[in-house]
Amino acid sequence: MKLALIGATGLIGRQLWPLLEARHELLVLGRRSSGAAREKLGAMEDWPGLLDGERVDCALSTLGTTRSQAGSWAAFEAVDRDAVLAFARAAKAAGARHFLAVSSSGADPSSRNAYLRLKGEVEGALAGMGFARVDILRPGLLLGQRQERRVAEGIGQALSPLINLLLRGPLDRYAGIDAGLVARAMAVLAEREEPGLFRHGNREIRALAG
């Protein structure tokens, strides 16, 4: 298959692209090099145009930031909503029938939490774009070594073993999960063909990752 990916230098993405590249023809779009064999680099706003003339079967997004890292809520929206949806529209125009995106546990367009509300709105927008299949991954706290410093997430990772003991049953969806498992689950899902909208929480991600 011909795949296109954004977010390849992030916590999940840098573990995902080698898995995809080993089995498929992969194009990575980004602002800086990921190390993938085929990349097109440019400003985030230019990514949709980088798909002009390309044919895409399946598109994947592991792109994400935080409000503190982005510097403002508007800058956060530009990454987690605008860039993801612009890429999805461009991928659809390039022929993609399947789209995969990393969202967040608790995403809900009616949430009082602005972050979870935005994530829920993005999920809804992706579901309405006309892809034959959409896979939304909703991990809990992502565990792994980030290249950038995120203080709150660092504290969460340190406390994760204790917190996970408390998050059992229905609360398991909020538990910490290794980013490598999410990457492996996405690589598996990229090859699924059954049409529909599918959401995958921690339990489903672990099962898919094997």
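**A tour from K119 to the sheet and the α1–α7 pair**

Begin by selecting K119, which is buried in this predicted model, its relative accessible area being 6%, a value that falls under the 20% limit for that class. K119 belongs to helix α5, which covers residues 114-127. If you then display the surroundings of K119, leaving aside residues up to four places away in sequence, you will find that K119 touches D80, V102, S103, S104 and A107. Add D108 to the selection: D108 and K119 are separated by 11 residues in sequence, while their C-alpha atoms lie 6.8 Å apart.

Next, select the strands of the open sheet, seven in number, which follow the order β3-β2-β1-β4-β5-β6-β9 with parallel pairing. The edges are taken by β3 (39-41) and β9 (196-200), each of which has a single partner strand, so one side of each is left without a neighbour in the sheet. Ignoring direction, neighbouring strands here are turned by 15° against each other on average.

Within the sheet, focus on β1 (residues 2-6) and β4 (residues 58-61), which run parallel and are joined by four bridges; there, L3 stands opposite C58 in β4. Now add helix α4 (residues 73-93), which packs on the sheet and touches β1, β2, β4 and β5, its direction making about 165° with that of β1.

Finally, select helices α1 (residues 13-21) and α7 (residues 179-189), whose axes are 8 Å apart and which pack at an angle of about 30°; the two helices are therefore roughly parallel to each other. Their crossing is right-handed. From α1, Q15, L16, L19 and L20 meet A179, G180, A183, R184, M186 and A187 of α7, and the residues of this contact divide into seven nonpolar, two polar and one charged.

How values were computed
Residues numbered from 1 in each chain as written. Predicted model: local features only at pLDDT ≥ 70, side-chain atom pairs only at ≥ 80, totals over all residues. Heavy atoms only, no water. Axes fitted to C-alpha atoms, helices over the stretch in contact; angles between N-to-C directions. Parallel < 35°, antiparallel > 145°, perpendicular 65-115°, else oblique. Left-handed = near helix turned anticlockwise from the far one by under 90°. Contact = heavy atoms within 4.5 Å. Nonpolar A, V, L, I, M, F, W, Y, C, P; charged D, E, K, R; others polar. Buried < 20%, exposed > 50% of the residue type's maximum accessible area, 1.4 Å probe, protein only. Pairing = 2+ DSSP bridges.
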